[in-house]
Amino acid sequence: MHPLAKTQPISQQERLISIDIIRGIALLGILFVNFPQYTSIYNQAVPAFYTGIDSYLRLFYDLFVQTKFYTIFSFLFGWGFFIFMKRAEQRQDRIYLRFSRRMIVLLLIGLLHEHFWFGDILHDYALLGLGLFLFYRIPAELTARWALFISSLFIGGQVFNLLAVFSDQNNPFPWLGAPEVSILAMFLWGMATGKALIFERVEIWMQFLRKVQLGGLLLTIPGWVGILYLFNQPASILNDYLRYLYVNLTAIPLALCYLATLTKLLTHPNFFKLLRPVGYVGQMALTNYLIQTVIGMSLVQLLHFQDEIPLSSTFLLTWVIFSVQVLISRSWLKKHRYGPLEYLWRSLTYGRLQPNSHRSNA
């Protein structure tokens, strides 16, 4: 029997853990991308071009990592928004007030984080998250159509930017290619997934997930071609900008392909068991995201990487940091329901201290 052969369907509780696993994988990808940029806090002239093994590692990042994982994180945020609102509504809670408070707290955390790290995404999530109210009550299919429309705008924005470069003309729609557009699109893809109960009923969505895999991969190919072409071109600011545009072109399609692939693979018990430890990190996503900044920036200073940081070094250190986060998260969650910052976020959202010990009654 194949090692990943399905022996027994996973439970609904395990399906929720699968989402934590995907969230943990997204945090790993975000750390891969963020770590090399931590030096920019101390040195604004960080080299944009790499040589030797670092150049191939940069190529790997551009093809498979860069922009792919904050988009997955955004997708899960959109899914989480729908689940939060649905559960609050079932409790007959004031759903719009409650979620607004949740976003205000997240905004404050994000602004504090941005004070130390310019690459913070939490404040964008908080501000854009408030706009999700407009899509909460519309059907899953219509939500997906909005997601497709906004995704098309973002991809079109990269195309407009490329045409502007090659024609030496100004782009009349520069805002279309902004990262915030892709974040909103992925929010809506996540919401549509929640409404359609795809994670809860993976088996009946298998054919659809295969189409997402194939479609996402096909739409990624033009960007990959551009990235590979530029790999052998002379290093220049213009070529680096073109590479940035090609990378953005692949962001949403490849992220959706990854999501579909992981969703399918995690229905296999052996694969689920293999990746289960990653779910501990995902369950404490807010805490671990902020801790990554603290650890990464501290290591940059301790190892004197302020002037230059080899990409191969950050690659190896990322694995070490993430492994430590797995161990710490698992240890913490043996005694607590939520991570430290998740507990703070939840308590401030509800305006009272929440039970956090496994011994506490809900």
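Where does threonine 67 lie? In this predicted model, threonine 67 sits in the loop between α2 and α3 (69-90). With a relative accessibility of 10%, threonine 67 falls under the 20% cut-off and so counts as buried. Its backbone is worth a look too: threonine 67 has a positive phi of about 70°, although it is not a glycine. Most residues other than glycine have a negative phi. Leucine 197 is another residue other than glycine with a positive phi, in this case near 60°. Leucine 197 is found in the loop between α7 (179-196) and α8.

Turning to how helices pack, α2 meets helix α9 (residues 237-265) at an angle of about 50°, and their axes are 7 Å apart. Since angles from 35 to 65 degrees are neither roughly parallel nor roughly perpendicular, α2 and α9 are therefore oblique to each other. On the α2 side, the contact is made by Arg58, Asp62, Leu63 and Phe64. On the α9 side, Asp240, Arg243, Val247, Leu254 and Tyr258 take part. Sorted by character, the residues of this contact between α2 and α9 come out as five nonpolar, four charged and no polar.

A second helix pair is formed by α11 (residues 285-302) and α12 (residues 311-333), which pack at an angle of about 135° with their axes 11 Å apart. That angle makes α11 oblique to α12, and α11 passes α12 in a right-handed crossing. Here α11 brings Asn288, Ile291, Gln292, Ile295 and Leu299 to the contact, while α12 brings Ile321, Phe322, Gln325 and Ser329. The contact of α11 with α12 divides into five nonpolar, four polar and no charged residues.

Aromatic rings are the next theme, and a search of the whole structure finds 30 aromatic pairs. One of them joins phenylalanine 32 and tryptophan 319, whose ring centres are 5.4 Å apart and whose planes stand at 75°, so the pair is edge-to-face. This pair links distant parts of the chain, with phenylalanine 32 in helix α1 (residues 12-34) and tryptophan 319 in helix α12, 287 residues apart. Phenylalanine 32 counts as buried at 8% relative accessibility, whereas tryptophan 319 counts as partly exposed at 40%.

Phenylalanine 64, already met in the contact of α2 with α9, forms an aromatic pair with tryptophan 224. That pair is edge-to-face as well, at 5.5 Å centre to centre and 65° between the planes. It also links distant parts of the chain: phenylalanine 64 belongs to helix α2 (residues 53-64) and tryptophan 224 to helix α8 (residues 206-231), 160 residues apart. Phenylalanine 64 counts as partly exposed at 31% relative accessibility, while tryptophan 224 counts as buried at 18%. Both pairs belong to a bigger picture, as ring pairs link Phe32, Phe60, Tyr61, Phe64, Trp224, Phe315 and Trp319 into a cluster.

Helix α12 also holds tryptophan 332. At 31% relative accessibility, tryptophan 332 counts as partly exposed. Leaving aside neighbours within four places in sequence, tryptophan 332 is in contact with Met284, Tyr338, Gly339 and Pro340. Leucine 63, one of the α2 residues in the contact with α9, is 269 residues from tryptophan 332 in sequence and 35 Å away in space, C-alpha to C-alpha.

Key: Residues are numbered from 1 along each chain as its sequence is written. This is a predicted model: local features need pLDDT of at least 70, side-chain atom pairs count only at pLDDT 80 or more; totals for chains, interfaces and linings use all residues. Side-chain values use heavy atoms; hydrogens and water are left out. Axes are lines fitted to C-alpha atoms, for helices over the stretch in contact, and angles run from 0 to 180 degrees between N-to-C directions. Helices (H or I, at least four residues) and strands (E, at least two) are DSSP runs, numbered from the N terminus. Angles under 35 degrees count as roughly parallel, over 145 as roughly antiparallel, 65 to 115 as roughly perpendicular and the rest as oblique. A crossing is left-handed if the near helix is turned anticlockwise from the far one by less than a right angle, and right-handed if clockwise. Contact means heavy atoms within 4.5 Å. Ala, Val, Leu, Ile, Met, Phe, Trp, Tyr, Cys and Pro count as nonpolar, Asp, Glu, Lys and Arg as charged, and the others, Gly among them, as polar. Buried means under 20% relative accessible area, exposed over 50%, partly exposed in between (1.4 Å probe, protein chains only). Rings of Phe, Tyr and Trp (its six-membered ring) pair if their centres lie within 6.5 Å; planes under 30 degrees apart count as stacked, over 60 as edge-to-face and the rest as tilted.
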